[in-house]
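Please keep the sequence and the model side by side while reading, since the paragraphs that follow move from one region to the next.

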Amino acid sequence: MISAFVVYSKQFSRPINELAQLYGQIQTALAGAERIFAVLDEESENKDGDRNDPVREGVIEFKNVNFSYVPGKQVISDFSLKVEAGKKIALVGSTGSGKTTIVNLLMRFYDVDSGSILIDGTDIRDVSTDALPI
Ligand SMILES: Nc1ncnc2c1ncn2[C@@H]1O[C@H](COP(=O)(O)OP(=O)(O)OP(=O)(O)O)[C@@H](O)[C@H]1O
Ligand SMILES: [Mg+2]
């Protein structure tokens, strides 16, 4: 009698436990879906300039560039550099000196605070992304 009672009560409680677990999983899935749609609904940044004529040579020039990620904490100050077309150059410096930042600025993940970055003499902020060879 006792063993039958134990077996039956387990059979009775198992599906109830499973339902409770399932409800938890559904809640987690809903929270996840909400975040996924928040990302999908994000407006794309329109950073395109008007210049559509393709970049010909690819001379890159940084002119007196100043930049900070956090206002007041200058990362790049008065940086100038000219790279001739087709040249390979290396940026060398201690960690945190701003090497990756230079590349981030060139890729327009961020825009300079002052000064300019030119490609074939045109400010990269005026060039459309379609005009850039990738
Ligand atoms: N997204 C960011 N927000 C705020 N500060 C940042 C950000 N990225 C980098 N920094 C700061 O900017 C400075 C330059 O960082 P950067 O990553 O350009 O250095 P790095 O020369 O590439 O260093 P490493 O040799 O370690 O790669 C550092 O002081 C860093 O803490
Ligand atoms: Mg780096």
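Which element supplies the largest share of the lining of the second largest pocket? In this predicted model, that share comes from helix H2, which gives three residues to the lining. Helix H2 spans residues 99–106, and together with strand E1 (60–68) and strand E2 (74–83) it belongs to the elements that each supply at least two residues of this lining. The space in the second largest pocket comes to about 180 Å³, and the residues around it are Ile60, Phe62, Leu81, Val83, Ile89, Leu91, Ile102, Val103, Leu106 and Met107. Sorted by character, the lining has ten nonpolar residues, no polar residues and no charged residues.

One of these lining residues, Ile60, lies in strand E1. Ile60 counts as buried because its relative accessibility is 19%, and buried is defined as under 20%. Along the chain Ile60 and Lys87 are 27 residues apart, while their C-alpha atoms are separated by 9.9 Å.

From the pocket the reader can turn to the surface. A nonpolar surface patch of about 760 Å² is formed by Tyr69, Val70, Ile89, Leu91, Val103, Met107, Phe109 and Tyr110. Ile89, Leu91, Val103 and Met107 are among the residues of this patch, and they are also among those that line the second largest pocket. Phe109, another member of the patch, sits in the loop that runs between helix H2 and strand E3 (114–119). Phe109 counts as exposed because its relative accessibility is 57%, where exposed requires over 50%.

The same question can be put to a neighbour of Phe109 in the sequence: is Arg108 buried or exposed? Arg108 is likewise found in the loop between H2 and E3, but it counts as buried because its relative accessible area is 15%. Its backbone also deserves a look, for the phi of Arg108 is near 60°, a positive value in a residue that is not glycine. Most residues other than glycine have a negative phi. The side chain of Arg108 forms a salt bridge with Asp111, in which the closest N and O atoms are 2.9 Å apart. Asp111 has a relative accessible area of 29% and is therefore partly exposed.

How many salt bridges does a search of the whole structure find? There are two. Side chains of opposite charge can pair when their charged atoms come close. Besides the pair described above, Arg125 forms a salt bridge with Asp123, with the closest N and O atoms 3.1 Å apart. Here Arg125 counts as partly exposed because its relative accessibility is 31%, whereas Asp123 is buried, with a relative accessible area of 14%.

These residues lead on to the enclosed spaces. Rolling a probe the size of a water molecule over the atoms shows where empty space is left. The structure holds two cavities of 30 Å³ or more. The second largest cavity, with a volume of about 40 Å³, is lined by Leu105, Tyr110, Asp111, Val112, Ile117, Asp123, Ile124 and Arg125, so that Asp111, Asp123 and Arg125 from the salt bridges appear again in a lining. Its lining divides into five nonpolar residues, no polar residues and three charged residues.

The largest cavity has a volume of about 60 Å³, and the residues that line it are Arg51, Asp53, Pro54, Val55, Arg56, Ile119, Asp120, Thr122 and Val127. Four of the lining residues are nonpolar, one is polar and four are charged. Asp120, one of the charged residues named there, is found in the loop between E3 and E4 and counts as buried because its relative accessibility is 18%. Asp120 has a positive phi of about 50°, although it is not a glycine.

Pro54, also part of the lining of the largest cavity, has a counterpart far along the chain: Ser128 and Pro54 are 74 residues apart in sequence, and their C-alpha atoms are 9.0 Å apart in space. Ser128 is found in the segment after strand E4 (122–123), and it counts as buried because its relative accessibility is 2%.

Key:
Residues numbered from 1 in each chain as written. Chains lettered and ligands numbered in written order. Predicted model: local features only at pLDDT ≥ 70, side-chain atom pairs only at ≥ 80, totals over all residues. Heavy atoms only, no water. Patch = residues over 30% accessible without salt bridge, like charges linked within 9 Å, V, L, I, M, F, W, Y side chains within 5 Å. Areas by Shrake-Rupley, 256 points an atom, 1.4 Å probe, with all protein chains shown as cover. Salt bridge = Lys/Arg side-chain N within 4 Å of Asp/Glu carboxyl O. Helix = DSSP H or I, 4+ residues; strand = E, 2+ residues; numbered from the N terminus. Buried < 20%, exposed > 50% of the residue type's maximum accessible area, 1.4 Å probe, protein only. 1 Å grid on protein atoms, 1.4 Å probe; cavity = no way out; pocket = protein on both sides within 12 Å on 5 of 7 lines; lining within 4 Å. Points joined across faces, edges and corners; volume = space filled by probe spheres on them. Nonpolar A, V, L, I, M, F, W, Y, C, P; charged D, E, K, R; others polar.
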